[in-house]
Amino acid sequence: MQDMPNGSDKLDGLWAQYREACPDPEPCAGFMPGLWQRIEARRFANAAVLRRIAQICVGATVALTILMGMVLIPQVEKGPVYSATYVDVLAADHPNTYVDILTGDIK
């Protein structure tokens with residue numbers, strides 16, 4: 001218990017050093033606008049980082065899309081070219097026309 005006043009003196013000295021290192025802000029008309037300017041500056045810095053990441057992602061996506069187009073389009077052009085449509089192929093496989101039915105070619 002006798003150490004208590006000695007500890008209290010150390011604590012008072014610590015508080016005094018803290019007050020010297022971190023003085024109270026002056027109460028003035030520009031305090032709140034200045035505080036909001038600092039808050040907005042931090043918010044803008046965070047948004048700038050996210051904006052830069054988004055720009056990098058968009059650029060990488062565009063580059064990947066162009067690369068895929070350069071690789072895939074020539075491969076698609078080398079593929080077989082069909083001269084008939086799906087309906088033409090079905091009509092050739094099933095020649096069920098009205099004329100064929102009337103002449104009796106289809107049973």
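Biologist: What pLDDT does the protein chain average, and how many of the residues score at least 70?

Modeller: This is a predicted model, and its protein chain averages a pLDDT of 82, with 87% of the residues scoring at least 70.

Biologist: Okay, and which elements have the lowest and the highest mean pLDDT?

Modeller: Helix α4 (residues 98–103) has the lowest, at 72, while α2 has the highest, at 90. Where pLDDT is low, you shouldn't read the predicted coordinates in detail.

Biologist: What makes Trp-15 and Tyr-18 an aromatic pair?

Modeller: Rings pair if their centres lie within 6.5 Å, and these two sit 6.1 Å apart, centre to centre, so they pass the cut-off. By this rule the count comes to 1 aromatic pair.

Biologist: And why is the pair called edge-to-face?

Modeller: Planes over 60 degrees apart get that name. Here the angle between the planes is 85°, so edge-to-face it is.

Biologist: Where are Trp-15 and Tyr-18 along the chain?

Modeller: Both are in helix α1 (residues 3–21), and because they are 3 residues apart, about one helical turn separates them.

Biologist: Why does Trp-15 count as partly exposed?

Modeller: Partly exposed runs between the 20% and 50% cut-offs. Trp-15 has 45% relative accessibility, so it fits. Tyr-18, at 47%, counts as partly exposed too.

Biologist: Which residues make the nonpolar surface patch of about 850 Å²?

Modeller: Among them are Val-58, Val-62, Leu-64, Ile-66 and Met-70. Val-62 is found in helix α2 (residues 31–78).

Biologist: How do you know that Val-62 can belong to a patch?

Modeller: A patch residue needs over 30% relative accessible area. Val-62 has 44%, so it clears that bar, and it counts as partly exposed.

Conventions: Residues numbered from 1 in each chain as written. Predicted model: local features only at pLDDT ≥ 70, side-chain atom pairs only at ≥ 80, totals over all residues. Heavy atoms only, no water. Patch = residues over 30% accessible without salt bridge, like charges linked within 9 Å, V, L, I, M, F, W, Y side chains within 5 Å. Areas by Shrake-Rupley, 256 points an atom, 1.4 Å probe, with all protein chains shown as cover. Salt bridge = Lys/Arg side-chain N within 4 Å of Asp/Glu carboxyl O. Helix = DSSP H or I, 4+ residues; strand = E, 2+ residues; numbered from the N terminus. Buried < 20%, exposed > 50% of the residue type's maximum accessible area, 1.4 Å probe, protein only. Phe/Tyr/Trp six-rings, centres within 6.5 Å; stacked < 30°, edge-to-face > 60°. pLDDT = per-residue confidence, 0-100.
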